[in-house]
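Biologist: Please take one part of this model and go through it closely, in plain terms. I would like to know what is packed inside it and what surrounds that packing.

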Amino acid sequence: MPHNGMSFATLDEAREYYNSYAKRTGFSIRTNTSRRSAITREKQKVQFVCNKEGFGRKRRVAAQLVDGITCYSDNDEAEEEDTAQEEEDEQVEKRKKFDGCKKRKREKMLYTNCKARMVVKIIGSRWQVIYFLAEHNHDLVVQPSLKKFLRSHRGIPKQEKDFIVLLHGCNLSTGRIMQLMSEFYGSAQLVPYDGKQVSNFRSTIHKTEKFKDMQETLDYFRALKEEDPEFFYKIKLDDNHRVENLFWVDSAARRAYKEAYNDCVSFDATYMTNIYEMPCTPFIGINRHCQTFQLGCAFIRNEKTTTYEWLFLTFLEAMDRKAPLNIITDQDPAMRAAICIVFPNTTHRNCRWHIMDKFSGTIGPILAKNDELNEEFVDCLNHTVSPEDFESKWATMVQKYGLEDNEHFQHLYHIRQSFIPAYYMHSFFPFLQSTQRSEGFNALLKKYVNPNLSVLQFVRQYQKIQEKCLVAQDGQDFRTDENERRRWSRHPLEKHASTVYTKNMFYRFSKEFEKTAEYDVKPVGQFQYWLEPNNSFVFGYGKRNYLVTAIEEDESYCCECSKFDRDGIICCHIMRVMVRMGVKLIPERYILKRWTQQAIASDTNQVQNVNAPVGLVARGMPLTSEKTLRFTNATTAFAAIAVEGCTNDENYAILEKHIKEMRSEFEEIKKRTMANRQNTSGAEGGATEVACCISHCRCSG
């Protein structure tokens, strides 16, 4: 308890001490009056009072000159906040009333003119307590879980603010942050602040970050380019010198694309990500583990053909004029026009899922009423192997079920060449018929960013996503090199595949190899074999038969399903023929390098981390992050100890004893640190004096 004669080094220390006492006791404080010197204008006397002092009157400022001392009566920072809050609320209520909303009922604090207070005055160089009154005329807040609602005890400690900033950067919601802090404190009731305060604090972060303009984003790009000379970015300005389009890609993605992964790109512009409502347009590729990774990203002001032309030309510039062999997008006509202009030799395919989803409301009910029609429709779309095969089956189906005049089926037929698999049997779209890669990336984006972010914030979060992709690739690289494959059979063909493909690709090969048991082989000539399913249906291939041409001497194998052209691995039909012919190794021409560990000559991750300090890698996390982690762990441990220590008097005595011992040891460490600093500075000063004397002697000589 404070007492007369107690002194403090600073005014803040005095207030903090009285506020700490108030929290233990169960009331809130505020600064009531202060006196300043008329000469120096510095505070000389300050009065801290209970927050229920007075009768709730409006803030008044009265100045009187008494014996050369000016006295300011600022009835309270709390009332100042109340006044400002009331003015703000009045404006909000006016807007709500104008919009037809209900008026909010605002409650005011109950004042009791409590006389409890502590007065401090500067005497010499220290602030000394000259008056202290402990008695209150109202009930005190005894329950610990309620004390956080008292005004002077609201707020988030600085260390926890740093931690919340870190969690905010991970795009965690306020609810999730409060859940984590509840775990640290042992209970949600013990957290010394509520979700509203965390939400307000996050709003201040948004305010400082939200309006960071494009210039700061460009400065950030310049800094990245200094660290990574192969980092590429480009902007386009409008007539008012504002950024209209922005594109960037790092060196790792550029190298990966140019060396191995330019064969298939997924492009999508359906995700809005920032406060400027500029669509985010990521270029997505597929790596050797069949994982999604980023080949660059852009923000564009609009979705016109000229905008997409600029973007695709910029992409070409970044990739040393190397256009993608195949690209899959949604049905945007402006996008299609730009691709035809910039990528004239690229195979362009539309997302099948988006197209079928649009027709689900019109064609879906018709198919649902007729199971046979639905079965033939699916077979026509999925299991035709050439445009001629599709045309023939479609014509038969339309005639059989009388769909010649159905406008929806006719419209679907009209756009068939943009998405039907039969038209892309010889184009490389590995395990892909939709923009699911881009959709998956958009889903990942939502975990890291939200529409309120500025471009700069998005770019920083994008770097985190890129790091996440690299970590995932690292994991697959390690498992590919270190772990033994689990094979379906002991056949030499599957064993050979386990040694050449990456882990993920081998398991896709193995799954395909399993299907060899579902086909019977019948020779139909010198080099051809007829594959018939011995079950009614084979997943991925339907009920139909397939023709395989095999010339063992030339190591040449071809199947009409064209899986090798589409996915880059041989199909179960060719595998079945190889097994029949006794082939034990996959011919070299049928092993795509892009599905092996040798896909990229220089490992992407090594390039990405080439600028990382060796000391940082050896030491671990940065000191600031380590401090935050220590604080988190200590808070969790102390919360559990506090719960146990408060169960009875004996436990509490042990708790107090060790707290005092720890504080005493911490003070000793501070004293030793200060003494070492003084000795170091003294030694440096002495060395400086000696150096000056030597210099003076030399000059005199």
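Modeller: What follows is a walk through one core and the helix and loop that belong to it.

The model is a predicted one, and residues are counted from 1 along the chain. Its largest nonpolar core holds 64 residues. Within this core, Trp394, Tyr501, Ile586 and Trp595 have the most contacts. Helix α20, residues 572-581, gives the core its largest share, namely five residues.

The helix is a good place to begin. In α20 the buried residues are Cys572, His573, Ile574, Met575, Val577 and Met578. They pack against two helices, α17 (492-500) and α18 (503-514). They also pack against the strands β18 (519-523), β19 (528-533), β20 (546-551) and β21 (556-559). After α20 comes Gly582, and its phi is positive, near 80°.

A UniProt record covers this stretch too. The entry, which is unreviewed, places the feature "domain: SWIM-type" at residues 546-582. In the model, that span is 41% helix and 27% strand. The C-alpha atoms at its two ends lie 20 Å apart.

Next comes Ile586, which sits in the loop between α20 and α21 (604-608). Is Ile586 buried or exposed? Its relative accessible area is 4%, and buried means under 20%, so Ile586 counts as buried. Leaving out neighbours within four places in sequence, Ile586 is in contact with Leu493, His496, Ala497, Tyr501, Phe509, Ile570 and Ile591. One of these, Tyr501, is also among the core residues with the most contacts. Ile586 can be placed relative to the helix as well: Met575 is eleven residues away in sequence, and the two C-alpha atoms are 9.1 Å apart.

Trp394 is another of the core residues with the most contacts. Which residues does Trp394 touch, not counting those up to four places away in sequence? They are Phe377, Cys380, Leu381, Phe409, Leu412 and Tyr413.

Apart from this core lies another one, of 33 residues. Val265, Tyr308, Leu311 and Phe312 are among its members.

The model also has an open sheet of five strands, in the order β14-β13-β10-β16-β17, with mixed pairing. Its edge strands, β14 (292-294) and β17 (347-350), each pair on one side only. On average, neighbouring strands of the sheet are turned by 30° against each other, direction ignored. Strand β13, residues 283-286, pairs with β14 in the antiparallel sense over three bridges. In that pairing, Ile284 stands opposite Gln294 of β14.

Key:
Predicted model: local features only at pLDDT ≥ 70, side-chain atom pairs only at ≥ 80, totals over all residues. Heavy atoms only, no water. Pairing = 2+ DSSP bridges. Helix = DSSP H or I, 4+ residues; strand = E, 2+ residues; numbered from the N terminus. Axes fitted to C-alpha atoms, helices over the stretch in contact; angles between N-to-C directions. UniProt positions renumbered as here; feature names shortened; annotations may be inferred. Core = buried A, V, L, I, M, F, W, Y, C linked by side-chain atoms within 4.5 Å. Buried < 20%, exposed > 50% of the residue type's maximum accessible area, 1.4 Å probe, protein only. Contact = heavy atoms within 4.5 Å.
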